Amino acid sequence: MPNRIIRAGIIDSDRVNQLDWPEEVFYRRLLNVIDDHGLFDARPSRLRAALYPIKLDRVREADISRWIAACEKAGLIVLYESMGKPYLAVLNTQWQARSEPKFPKPPDSPLEPNKPSCAQLQTPAHVFGVG
């Protein structure tokens, strides 16, 4: 499990403050298990086991599904699918990636720096020589 420094800015974040208490606890626990690229398996059963290993009797998969939806609605995470499995990406992680991603990256996202985007549109250029 990676070590994280959670900055004080999380306390006055408008997006984090949209969450109810259990949703915010879910989000803060999520920050402890995501990889260096902010990615993790989005299956509720997997999240429940990873985030609440000694509270399995108190947290239901239905709770996890609601909390995922709340975090997505608040703009804190994005959900995507790769090879038929659900994944999530935590947005705006500020830490330096020290390892390769442990989960597939989301398609067409800023997390895929080598993929051309609209800002990198390439057009043919004509070069005219002199003489």
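Let's start at the tail: over residues 112-131 the pLDDT stays under 50, and for this stretch the model has 8 contacts beyond four places in sequence. What you have in front of you is a predicted model, and where pLDDT is low, the predicted coordinates should not be read in detail. For the chain as a whole, the mean pLDDT is 81, with 73% of the residues reaching 70 or more.

Now for the overall layout. The chain holds 3 helices and 3 strands, and reading from the N terminus you meet them in the order α-β-α-α-β-β. Of the 131 residues, 33% are buried. If you take the contacts between residues at least 6 apart in sequence, 56% of them join residues at least 24 apart. As for the surface, the chain exposes about 9100 Å², and carbon and sulfur atoms supply 53% of that.

Helix α1 is a good place to begin the walk. It has 13 residues and runs 19 Å from its first C-alpha to its last, close to the 18 Å expected at 1.5 Å a residue. Which residues of α1 are buried? They are Glu23, Glu24, Phe26, Tyr27, Leu30, Leu31 and Val33, so two glutamates sit in that list alongside residues such as Phe26 and Leu30. The cover over these buried residues includes β1 (39-41), α2 (44-51), α3, β2 and β3.

One of those glutamates has a charged partner. Glutamate 24 and arginine 28 meet through their side chains in a salt bridge, 2.9 Å from N to O. Why are these two placed to meet? They are 4 residues apart in helix α1 (residues 21-33), and therefore separated by about one helical turn. The two ends of the bridge are covered to unlike degrees: glutamate 24 counts as buried at 12% relative accessibility, whereas arginine 28 is partly exposed at 31%.

Move on to the strands. β2 (residues 77-82) and β3 (residues 85-90) pair in the antiparallel sense over 6 bridges. They make a hairpin with 2 residues between them, and in the turn methionine 83 has a positive phi of about 50°. To follow the register, match tyrosine 80 with its bridge partner in β3, tyrosine 87, and valine 78 with alanine 89. As a reminder when you look along these strands, side chains in a regular strand alternate between the two faces of the sheet.

β3 has another neighbour too. β1 and β3 pair in the antiparallel sense over 3 bridges. Here the β3 bridge partner of aspartate 41 is tyrosine 87, and tyrosine 87 is also the partner of tyrosine 80. That makes tyrosine 87 a handy residue to click on, with bridge partners in tyrosine 80 and aspartate 41.

Aspartate 41 is worth a second look for its side chain. It joins arginine 43 in a salt bridge, with N and O 2.4 Å apart. Is aspartate 41 buried or exposed? It is buried, with a relative accessible area of 5%, while its partner arginine 43 counts as partly exposed at 34%.

The last stop is helix α3, where you will find aspartate 63. Arginine 66 forms a salt bridge with aspartate 63, and their closest N and O atoms are 3.0 Å apart. The spacing suits this: the two are 3 residues apart in helix α3 (residues 61-73), so about one helical turn separates them. Aspartate 63 counts as buried at 7% relative accessibility, and arginine 66 is partly exposed at 46%. The story widens here, since salt bridges that share partners join Arg60, Asp63 and Arg66 into one network. Across the whole structure, the search finds 4 salt bridges.

Aspartate 63 also gives you a link back along the chain. From aspartate 63 to arginine 48 is 15 residues in sequence, and their C-alpha atoms lie 9.0 Å apart in space.

Technical notes:
Residues numbered from 1 in each chain as written. Predicted model: local features only at pLDDT ≥ 70, side-chain atom pairs only at ≥ 80, totals over all residues. Heavy atoms only, no water. Buried < 20%, exposed > 50% of the residue type's maximum accessible area, 1.4 Å probe, protein only. Contact = heavy atoms within 4.5 Å. Areas by Shrake-Rupley, 256 points an atom, 1.4 Å probe, with all protein chains shown as cover. Pairing = 2+ DSSP bridges. Expected span 1.5 Å × (residues − 1). pLDDT = per-residue confidence, 0-100.
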